[in-house]
Amino acid sequence: MLKGSNNSALLFEKIVDRIYTSSHKQITFAEYMEMCLYDQQYGYYNSRAIAIGKEGDFFTSSSISEDFGELLAIQIEQFWQILDKPTQFTIVEMGAGEGQLAKIILDYLAINNKDFYSHIQYLIIEKSTILKEKQQQLLPSEKYPLQWAKWDEIPSESIVGCFISNELIDAFPVHRIIKKEGKLQEIYVTVNHGKVTEKYGALSTQKINEYLTINNIDFNSPLYPDNYQTEINLYAFDILEKIAQTLKQGYVLTVDYGYDSEKYYHPQRYEGTLKCYYQHRHHNNPYVNIGLQDITSHVNFTALEKIGTSFDLEKIDFTQQALFLMALGLGDRLNNLSDGRILLSKLWQRRNQLHELINPQGLGGFGILLQGKNLNAIHRQTSLKGFVKLDESTIF
Ligand SMILES: C[S@@+](CC[C@H](N)C(=O)[O-])C[C@H]1O[C@@H](n2cnc3c(N)ncnc32)[C@H](O)[C@@H]1O
């Protein structure tokens, strides 16, 4: 038997065991997804097989080229300027994957902005042990002003700087709900005839109702058909609360794919947004390839915004990745390709990379939410380089 499938079988046994020992022989989908992705021994993000990039199950902006990270570094540098150049400016990256984004940002600033670089402390908060090891190999502490931290190691209100994440929230385990005979039910995972299957029951936590109220969503409305199902990302509460507790002053920049609440919970989106990625393909069955596939769901940006407000994180702005990168100079990078100093084969590769980052049907359509804490009127009034309003028709 292959090692991967062996691990998958072992994870399956562990999940079955957890289900049998739980009070109603069932676990929430969020618990199931947590085990599939983050089980310390066999979870997808803790397996040796995890690889982010064109060769892996999925790729991200920072695995395509250096442009995303370099342009983001320009925006981060402006945050430092706006905050009056604090002596220590901390960049906290949450969910850093293989560490590429951190490396690109730090390498770029070390060369292009030595003054800012000398004030940077970079912290990574990473849940996966295997990915943390990969990050530590790529980013030796003796070379970079970088450390790894756990939430409880960061003193409260100690961070002046910014929190950043790229495709973190979509990787959080979600609760799933379904409308059955007019009633809102939760989807649980149980075992039947040796297979993991779904069953429905009462909501496992009152927080689901709170989440829906915050988002102004009422599934009792006749607009929502029977069997309508969707996801609830309660981890968003936890992460925003932790950010708000540790941030003294500064910004929170979240890059991910998703919708506002109205689109997310549109009655026509009756199957939700849950997706699995396995060997370059996506499908929607989370009960196969256990521990071998990525499972994700789209991000509800309205929820992040509203939950953030309840923790004193105010919304500063929202844009799309394509507009953000163009405003920060991706267009100039595209124009510079035609100066004749680049080999034709390389030119096509570079052009494709840049286009991929701004493709509105793909990465370019990602949302970028900017929140802030303890910013004064002057901070708020400063026009942010990446959020300058561009005419979309000139880009797409
Ligand atoms: C889809 S990957 C994105 C990786 C990287 N940001 C990139 O753009 O390539 C999700 C990352 O978030 C990490 N992660 C998931 N939940 C986390 C949590 N609660 N705290 C810290 N990291 C987490 C995963 O281990 C992984 O590194």
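This passage walks through the cores, helices, cavities, a pocket and a few loop residues of a predicted model.

A good place to start is the nonpolar interior. The largest nonpolar core holds 53 residues, and Ile 76, Ile 105, Tyr 122, Ile 164 and Leu 253 are the ones that touch the most other members. Helix α4, running from residue 67 to residue 82, supplies the largest share of this core, with nine residues. There is also a second, separate core of 39 residues, with Ile 159, Ile 208, Ala 236 and Val 252 among its members. As a general background, nonpolar side chains in soluble globular proteins tend to be buried together.

Tyr 122 is worth a look of its own. Setting aside residues up to four places away in sequence, Tyr 122 touches Ile 91, Glu 93, Leu 101, Ala 102, Ile 105, Leu 106, Pro 145, Leu 146, Gln 147 and Ile 164. Two of these partners, Ile 105 and Ile 164, also appear with Tyr 122 among the core residues that touch the most other members.

Two helices show how burial can be arranged around an axis. In α7 (residues 129–138), the buried residues are Ile 130, Leu 131 and Gln 135. Viewed down the axis of α7, these residues fall within an arc of 140°, so they line one face of the helix. Their packing partners are strands β3 and β4, the latter spanning 146–148.

Helix α8 (residues 207–214) buries Ile 208, Tyr 211 and Leu 212. These three cover an arc of only 95° around the axis, and so they sit on the same side of α8. The general rule behind such patterns is that an α-helix has 3.6 residues a turn, so residues three or four places apart point the same way. The buried residues of α8 pack against quite a list of elements: strands β6 (175–180), β7 (183–192), β9 (229–232) and β15, along with helices α9 and α11. One of those buried residues, Ile 208, belongs to the second core.

Next come the enclosed spaces. Searching the whole structure turns up two cavities of 30 Å³ or more. The largest contains about 50 Å³ of space, and its lining is made up of Met 94, Ser 165, Leu 168, Ile 169, Ile 239, Leu 240, Ile 243, Val 252, Thr 254 and Leu 304. Helix α9 (235–246) and strand β10 (247–256) each contribute at least two of these residues, and α9 gives the most, with three. Sorted by class, the lining has eight nonpolar residues, two polar ones and no charged ones.

The second largest cavity has a volume of about 30 Å³. Around it lie Ile 169, Tyr 211, Asn 233, Ala 236, Val 299, Asn 300, Ala 303 and Leu 304. Strand β15 (299–300) and helix α11 (301–310) are the elements that give two or more residues to this lining. Here the split is six nonpolar, two polar and no charged residues. Ile 169 and Leu 304 line the largest cavity and also the second largest. Tyr 211, part of the lining of the second largest cavity, is one of the buried residues of α8.

Pockets, which are open, tell another story. The second largest pocket has a volume of about 320 Å³. It is lined by 16 residues, of which Glu 271, Gly 272, Thr 273, Leu 274 and Asn 284 are the closest to its centre. The lining consists of four nonpolar, six polar and six charged residues.

Finally, a few loop residues deserve a mention. His 193 is not a glycine, yet its phi is positive at about 50°. This residue sits in the loop between β7 and β8 (195–201), and its relative accessibility of 79% makes His 193 exposed. Asn 216 is another non-glycine residue with a positive phi, near 65°. It comes just after α8, in the loop between α8 and β9, and is exposed as well, with a relative accessible area of 66%.

His 119 lies in the loop between α6 (114–117) and β3 (120–125). Apart from its neighbours within four places in sequence, His 119 is in contact with Trp 80, Pro 86, Thr 87, Gln 88 and Phe 89. As for Arg 281, 162 residues away along the chain, its C-alpha atom is separated from that of His 119 by 42 Å.

How values were computed: Residues are numbered from 1 along each chain as its sequence is written. This is a predicted model: local features need pLDDT of at least 70, side-chain atom pairs count only at pLDDT 80 or more; totals for chains, interfaces and linings use all residues. Side-chain values use heavy atoms; hydrogens and water are left out. On a 1 Å grid over the protein atoms alone, a cavity is a set of points where a 1.4 Å probe fits but cannot get out, and a pocket is an open set with protein on both sides within 12 Å along at least five of seven lines; lining residues have an atom within 4 Å of a point. Grid points are joined across faces, edges and corners, and a volume is the space filled by probe spheres set on the points. Helices (H or I, at least four residues) and strands (E, at least two) are DSSP runs, numbered from the N terminus. Ala, Val, Leu, Ile, Met, Phe, Trp, Tyr, Cys and Pro count as nonpolar, Asp, Glu, Lys and Arg as charged, and the others, Gly among them, as polar. Buried means under 20% relative accessible area, exposed over 50%, partly exposed in between (1.4 Å probe, protein chains only). The arc is that of the directions from the helix axis to the C-beta atoms. Contact means heavy atoms within 4.5 Å. A nonpolar core is a set of buried Ala, Val, Leu, Ile, Met, Phe, Trp, Tyr and Cys residues joined through side-chain atoms within 4.5 Å.
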